[in-house]
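Q: I'm new to this one and would like a close look at a single part, with a bit of its surroundings for context. Could you walk me through what you see?

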Amino acid sequence: MTPDLECLNLVKRFGDTTAVDTVSFDVPRGSFFSILGPSGCGKTTIMRMIAGFLEPTSGDIQIRGRSVLNTPPNKRPVNMVFQHLALFPMMTIAENIGYGLRRKGMPRDEIARKVDEALERIGLPGIGNRKVDELSGGQKQRVAIARCMVLEPDVLLLDEPLGALDLKLRERMKVELKALQAAFDTTFIYITHDQSEALVMSDQIAVMNNGRFEQIGSGQDLYYRPASAFVAGFVGDTNRWSGQVTRIEGDEMEIRTDSGLLLRGASHGRPLSAGDSAQIFVRPEAIRIAHDTEELSHFDNRMTGRVASLLFNGAASRIIVQDPDGREEIEVNLPQSGEFAGLKRGAEVHIGWSGAQGNCFAAGVR
Amino acid sequence: MRAQAKLGLFLLLSPLLLWLTLLILIPHVDMLLVSLRERIGVGQYQIGLGNYFTFFSEPLYLRTFLRTAVMSILATAITLLIAFPVSYYIAKMARGRVRSALFLLCLVPFWVSELVRTFGWMILLRETGIISNLLQILNLTDGPVELLYNDAAIMVGLVYTSMLFMVVPLVTTLESLPDEVIEAGYDLGGSGLSVLREIVIPHAMPGIVSGCIVVFMLSLGNYLTPTMLGGKDSLWFTELIYSQFIVRFNWELGAAFGFMLLILSSTIVWGMLKLTGQSLEKTMG
């Protein structure tokens, strides 16, 4: 089956700056694909090129196997949910949803039927005669999606549509968006700088930085097997040290950080040799905390330190542990068993993690 | 305490009340009274509608009155047609310095008085003027061409004079339309024309109406431009009022004319608001 969307060596330059640098990817039919990256990484540029508002400098965009480069935005089988939704304030909800159908020249009664159907589907029946500004943020969101979906596009583009919502609503909309995508069974391409949005909803995520894709994969891939230092640092929280590789044996290695700490890590097949400067990433939840060293004997990284501060955040509570010489601070997740609930600042704790959890990347290499 | 608050409110309102009564209410009431006065002998007056009868029974007055109304509406329409693309370009397409430069260009002519601007047009359009000479040099005409003193010259002058007052409200309303909304219009299958008709114009409607009201009133009440650029056949209603007051010293008839003009402009503005479904608060607010 041909993918719904395929981008081939897409490049976009604005003057001297290259906003999108040779990006290639394809999105299988009916999947939820996210492009995740910090602001200014070029993700919106990709989106606007797919929608047709920008012309790529070179490369090709194909939708269901057909190049759309010479197709103007109003003729492309793609629709877009804009960042601020861009509902038409001068029209009612029904007119908003029916706008695209009217442009297609569909008869009036059929438009009315389709609009009702769409409102039913997004769970807001009977609001057709209301004005846009009478709706809440979440309702507007759903209307904006319905407005695109009545046109039955091959691909729906969403440009950070949850950015303007408050936290609680955002959490709910994440689940709802995923459900809507399944209900409409359409390919969604979602742009965001919020990793949790991308991780929760997507089948596939592309992490973008400086106009390039760093890695494409499922949420698990990105989180557990980051392909680059950028991905390791950007997706999820992590402890990060830079230092020099002192010893390497197959996949296992040892690294001495700039502050003198000796850590064991794993290169996971990346070419590193002794003497290289490198970065090592360890996730806070990969580190075990214990009352005595016995429990940690099977870990190859062990340390005894003091609690420098407690960061209580419900299920995601952490402590910051300072190593005995006070050179480094390490973030460690607190287990949820309540075992360490009585931990105080300044208390002595033992921590340990296995070397395989320490992801090493050569420094200065992308 | 309450008395103090009342005094404060009164003091705050007093400039407005003074403005309304002294400058608007009293002169108009007086005008109305003067217009209802009929002269029956030297220094002898009686109340009656005679001045208004004179207005309606004299074809010249009535024709000038209607001509002024129609020409003002036409001038407003032409101004809107020219100003809309200009404003759209300034508000939506030009960026940064280009935008301010273009806006400034619209403003620059208003740094000199209307009189000077109108003389500028006379230099261009008169028989020995620049355009006439140019046409002769290019051998497009045999002799000098007189472009002044006709309705077209008045129209040019009026549109030129009113341009800024149309561009400013239009740019303001168009600027408030997010680019996203226009893009959404295209994205959902709209063509340039349908986006303009269904999204841009409805959004800009308050600006269009307020611009039209201002331009219409300025044109209707304009005295200088029609007098200088128009000829003997191109009388403007304000010229009639002027001649009644100043030349004929017939204040009674002049006041009646003034009132007819007030009624005319109010009616047309009201009709315009009704026609476009706008309210005065919405367009001026």
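A: Let's take residues 65–272 of chain B: the C-alpha atoms at the two ends of this span lie 19 Å apart, and the span is 78% helix and 0% strand. Keep in mind as you look around that this is a predicted model. The stretch has a label, too: UniProt lists residues 65–272 of chain B as "domain: ABC transmembrane type-1", and the entry is an unreviewed one.

Now see where chain B meets its partner. On the chain B side, 15 residues are in contact with 17 residues of chain A. Which elements of chain B give two or more residues to that side? They are helix 8 (179–187) and helix 9 (192–220) of chain B. Helix 8 of chain B gives the most, with 6 residues. As for chemistry, the residues on the side of chain B that touches chain A split into 7 nonpolar, 5 polar and 3 charged.

Step across to chain A, and you'll find 8 helices and 20 strands. Its C-alpha trace spans about 75 × 45 × 35 Å along the principal axes. Chain A is divided into domain 1 (5–231) and domain 2 (237–362), and the centres of those two domains, taken over C-alpha atoms, are separated by 39 Å. Of the 366 residues in chain A, 40% are buried. If you take the contacts in chain A between residues at least 6 apart in sequence, 66% of them join residues at least 24 apart.

One sheet in chain A is worth tracing strand by strand. It is an open sheet of 6 strands, in the order 6-7-8-3-9-10, and the pairing is mixed. At the edges sit strand 6 (78–81) and strand 10 (212–217) of chain A, each of which pairs on one side only. On average, neighbouring strands of this sheet are turned by 20° against each other, direction ignored.

For a zoomed-in view, pick strand 7 (residues 155–159) and strand 8 (residues 187–192) of chain A, which run parallel and are joined by 5 bridges. In general, the strands of a sheet pair through backbone hydrogen bonds, in either a parallel or an antiparallel way. To put your finger on a particular pair here, find A:Leu158: its bridge partner in strand 8 of chain A is A:Tyr190.

Methods: Residues are numbered from 1 along each chain as its sequence is written. Chains are lettered from A and ligands numbered from 1 in the order in which they are written. This is a predicted model: local features need pLDDT of at least 70, side-chain atom pairs count only at pLDDT 80 or more; totals for chains, interfaces and linings use all residues. Two residues are in contact if their C-beta atoms, placed from the backbone, lie within 7 Å. Helices (H or I, at least four residues) and strands (E, at least two) are DSSP runs, numbered from the N terminus. Ala, Val, Leu, Ile, Met, Phe, Trp, Tyr, Cys and Pro count as nonpolar, Asp, Glu, Lys and Arg as charged, and the others, Gly among them, as polar. A residue is buried if 20 or more other C-beta atoms lie within 10 Å of its own, exposed if 12 or fewer, and partly exposed in between; C-beta atoms are placed from the backbone. Two strands pair if DSSP finds at least two bridges between them. Axes are lines fitted to C-alpha atoms, for helices over the stretch in contact, and angles run from 0 to 180 degrees between N-to-C directions. UniProt positions are given in the numbering used here, feature names are shortened, and annotations may be inferred rather than shown by experiment. Domain bounds come from an automatic or database domain assignment.
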